[in-house]
Amino acid sequence: MKKGLIKAGVLLGILVVAIVIMEIIFSESGEDLTVKMKGATLPVVYFEQNGKEINPLYGYTSEMEPQFTRDSITPLDDNLSLDLRVNTYGQKVKEINYQIRTLDSARLVEDTVIDKYTQNGDTAAATLSVKNLLDNNAEYQLVINLKMENQVVHYYTRIMIPKDTGIAQCVDFANSFHEKTFDKSNTGELSKYMEPDSGKKTNSSLNYTTINSSVKQLCWDSFKPQQVGNTEVSIKEIKKEYSVIILSYVISRTGANDEPEYYNVEEYYRIRYGTDRMFLLDFERNVNQIFNENGDNFTENAIKLGVRSGDVNYINNETGTIVGFVQQGDLWEYNSLNDSISKVFSFREDMNNMDRRENNRQHSIRIIRIDETGSMDFIVYGYMCRGSHEGKVGISVFHYDCVTNDIEEQIWIPYTKSYQMMEQVVGKVLYVNDHNQLFYMSEGTIYQVDLSTRKEEAIAKGSGDEWFAVSEDNSMLAWVEGGNANAGTTLHLYNMAEDEQREIKAAKGEYIRPLGFIGTDLIYGDAKKSQVVTGSSGVTVFPMYDVKIMDEEGKVKKNYQKSGRYVVGISIENFTITLDRVKYSDGSYVSTTPDTIMNMLEDGENVAKVQTIGDGEKQNVVAITVASEIDDNTPNFLATKLVSTKEDRTLEVKCDGDEKYYYAYAKGKVVKITPKESEAVQIAAKETGVVVDGSAQYVWQQAKSAYVNTFGGMSVDTSKVGNNYVERALCVILKKEGVTLSVGELLDNGKTAKGILESSISGVTVLDLSGCKLEQMLYYVSQGSPVYAMVSSSKPVLICGYSKDKITVYDPAKNDTKTYSMEQAEKMFKKAGNVFLTYIKRQQH
């Protein structure tokens, strides 16, 4: 027995020595090893309000641009203090520091080290006592810096001293409403807040429940979920008119195979505080199942993804025997050839003991391709919640080798803005080809990167988002040489998959512009130079008399021309092209009926198809049907390993873009980033959101007043100002702002109304809001800014007051004000093309 133990000890010693020697050999040789992804380590910061947790913040290990991390907003109490809590996960906090800045980060208001804080177990606690330097109901940036053993971790939120908003009561209401949905005895009480509408079809899927759903659906119908863990409360907007609150949590249920199923749930509340009652203005609940290899997920010809939306990010190989798909931040691959299901990429480690940091879904995955063996190229971009880039935001390009069942990072490109910003901007152009080239877009520039040498080159740069177009599969790219969408004479068509490029030249006396792709066929338009006009307000109309559809070989497959009608934009849905058109009437271009080009292509790319099927208590679930029969309902599970390399594969890119962008926020998220302020306003208005600019200054909100009395001084001295209507309107605006200059002379020298306002009034941002609606202009009037609005091709008026059903305008023809009903005014402005120009004063705190 003793000899046996000695022998076992010797063998164990030899094994340990062998492992150490092998590690040294691999280390010295520089060869790569496969390892498990490093677990999450960063603390989570949150605040306490009335003894409850609000606004969890996840840490960044690199300094971010605070104005581009606009997420939560945290209310200060009456004593100007915040109760801060840190879940340290076993780490020691050495120092807590915080900074308060203005929204644009330009001015430092306070920089304080917290001297007193406690640390018990996994929790550190402190109180932030803010100096009395803040304005009520004004927003500021708060940056919290935790000094840990080996690094400093940064956390970002906005703060406000809220007055008359009832935000604490709004949070309590949202929490109470949420809890009551799990008890069907509360249906009577909940029903008074709901607005059921059977026509909106929101009762057939647990994935999406709204304020228009039935109370039965709100209370989960026959589904029996159990909440797992705590509810995360995140306040997104605090206003007197309403507050926006997002609740996030996980639920579970036992599936058909007696295996636990887990679901991520997010609830959106828009609430107005009332002294007598609370008003639920809007509500949405999104439920998404987390795919699990052990679940009841396979039928004879389909992979059941479960409760989720039908917009599935998936791709298959040419024969349809292998399918890759993304679900709740995880990348999976089903391979019918070897009867396996592989979790290719995931930040989650243990489904049954889920770490809130690993379930923080602030990243996206783009599948580029799958070959016939099952190997895959994909890109992960956004916030990295664990691994070697933990706490950073960026782009990571991976290759999955199905033979060795490992993934290898090919390049890492860091980014200094939030994931939501990245999703809207970088995600527009993002592709990797077989020639080891990466293409991506940042700050208006499209880059090409050699993954072998990690050398990057800017291949195109432009202004706005009309100078380029990219195909749905991201393999085809087109752009206007020079980047000016209104003055392009050469179009570049780039097949990024094949690394092949061709040029398309405009005819003499014409401009050319890309409009989009249908499949891999380019849609572009031609416009006569003489017909591209910039009006007195500064708005440019690009009327295309001819629209062409060209395949990737350069062959024109279709032309669209209609006499007297011009195309100004397109949209594509289900392979049908809708053409937005204008006609020339009374000296200007005005909207006319759209037209369509039908069914240009068949959707033949994907052999696998997405379908919706009934599934009992789950109601309707989403599935992917595959080409080959699935013989085994429990395919072999393969967990990939990560190739660990000694080589630094980071590419630092300096973004020097000077493009101005506008950011539309709604329902707690960035819903659109665009250089067109009018587009941002229209999208935000549709979703009852807000618009901010690149300095985090508000550009648009709902009108803050139910009525605004007519501005004073709405006239000019006709002895000093001529009969030109544009001159008179501009002089009235400048007089209101205390500016005196010769407007007529500037107009004679070719300056536009927008150009004159931009150069004459300091401390403002001038906005071209053409295409918006009258009701959206009332916000600017409520903020004291008249709105310059065209009523014909040459005559503007100024919107200078409003009530519930009427507006008042300054009419330069009469040099006096005039009142219209809202209905009359809407028709008048619409007939002239809804051309609006105004300005906002930059906020100073």
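The sheet I should like to discuss to begin with is open and has six strands, in the order β1-β46-β25-β24-β23-β22, with mixed pairing. Please bear in mind throughout that this is a predicted model. Which strands stand at the edges of this sheet? They are β1, residues 33-35, and β22, residues 363-370. Each has a single partner strand, so one side of β1 and one side of β22 have no neighbour in the sheet. On average, neighbouring strands here are turned by 30° against each other, with direction ignored.

As a general reminder, strands of a sheet pair through backbone hydrogen bonds, in either a parallel or an antiparallel manner. Both arrangements can be followed here as we move across the strands. At one edge, β1 runs antiparallel to β46, and three bridges join the two. Within that pair, Leu-33 has Ser-644 of β46 as its bridge partner. On the next step, β46, which covers residues 641-644, is joined to β25 by two bridges, and these two strands run parallel. There, Asp-406 is placed opposite Lys-641 of β46.

Let me stay with β25 for a moment. How many of the ten residues of β25 are buried? The count is eight, so to speak a mostly covered strand, spanning residues 406-415. Its other pairing is with β24, residues 392-401: nine bridges connect β24 and β25, and the two run antiparallel. Tyr-400 lies opposite Ile-407 of β25 in this pair. The two strands form a hairpin with four residues between them. In that turn, Asn-405 has a positive phi of about 55°.

I turn now to another sheet. This one is also open, with five strands in the order β4-β11-β10-β6-β7, and its pairing is mixed. The edge positions belong to β4, residues 73-75, and β7, residues 108-113; because each has a single partner strand, one side of each is left without a neighbour in the sheet. Neighbouring strands in this sheet are turned by 30° against each other on average, again ignoring direction. Inside the sheet, β6, residues 95-102, and β10, residues 139-147, run antiparallel and are joined by eight bridges. One residue pair to look for on the display is Ile-96 with its bridge partner Leu-146 in β10.

A further hairpin deserves mention. Strands β47, residues 662-666, and β48, residues 669-674, run antiparallel, with five bridges between them. Tyr-663 is paired with Ile-673 of β48. Two residues separate the strands of this hairpin, and Lys-667 adopts a positive phi near 55°.

Positive phi values also occur elsewhere in the model. Asn-55 is not a glycine, yet its phi is positive, at about 50°. This residue belongs to strand β3, residues 52-58. Is Asn-55 buried or exposed? Asn-55 is buried, with a relative accessible area of 0%. Asn-815 is another residue other than glycine with a positive phi, near 55°. It sits in the loop between β54 and β55. Its relative accessibility is 15%, and Asn-815 therefore counts as buried, the cut-off being under 20%.

The loop between β54, residues 806-811, and β55, residues 816-821, also contains Pro-812. Why does Pro-812 count as buried? Its relative accessibility is 0%. For orientation, Pro-812 and Thr-69 are 743 residues apart in sequence, and their C-alpha atoms are 44 Å apart in space.

Next, a helix. Helix α2 comprises 14 residues, 167-180, and spans 20 Å from its first C-alpha to its last, close to the 20 Å expected at 1.5 Å a residue. Which residues of α2 are buried? They are Ile-167, Cys-170, Val-171, Phe-173, Ala-174, Asn-175, Phe-177 and His-178.

Finally, I come to the cavities. The structure has eight cavities of 30 Å³ or more, and the largest has a volume of about 60 Å³. What kinds of residue line the largest cavity? The lining divides into seven nonpolar residues, one polar and two charged. Among the lining residues are Ala-40, Leu-42, Pro-43 and Val-44, together with Tyr-58, Gly-59 and Tyr-383. Arg-357, Cys-385 and Glu-390 also belong to the lining of this cavity. Of these, Arg and Glu count as charged and Gly as polar. Tyr-58 also falls within the residue range of β3, 52-58, the strand in which Asn-55 is found.

Note on methods. Residues numbered from 1 in each chain as written. Predicted model: local features only at pLDDT ≥ 70, side-chain atom pairs only at ≥ 80, totals over all residues. Heavy atoms only, no water. 1 Å grid on protein atoms, 1.4 Å probe; cavity = no way out; pocket = protein on both sides within 12 Å on 5 of 7 lines; lining within 4 Å. Points joined across faces, edges and corners; volume = space filled by probe spheres on them. Pairing = 2+ DSSP bridges. Axes fitted to C-alpha atoms, helices over the stretch in contact; angles between N-to-C directions. Expected span 1.5 Å × (residues − 1). Buried < 20%, exposed > 50% of the residue type's maximum accessible area, 1.4 Å probe, protein only.
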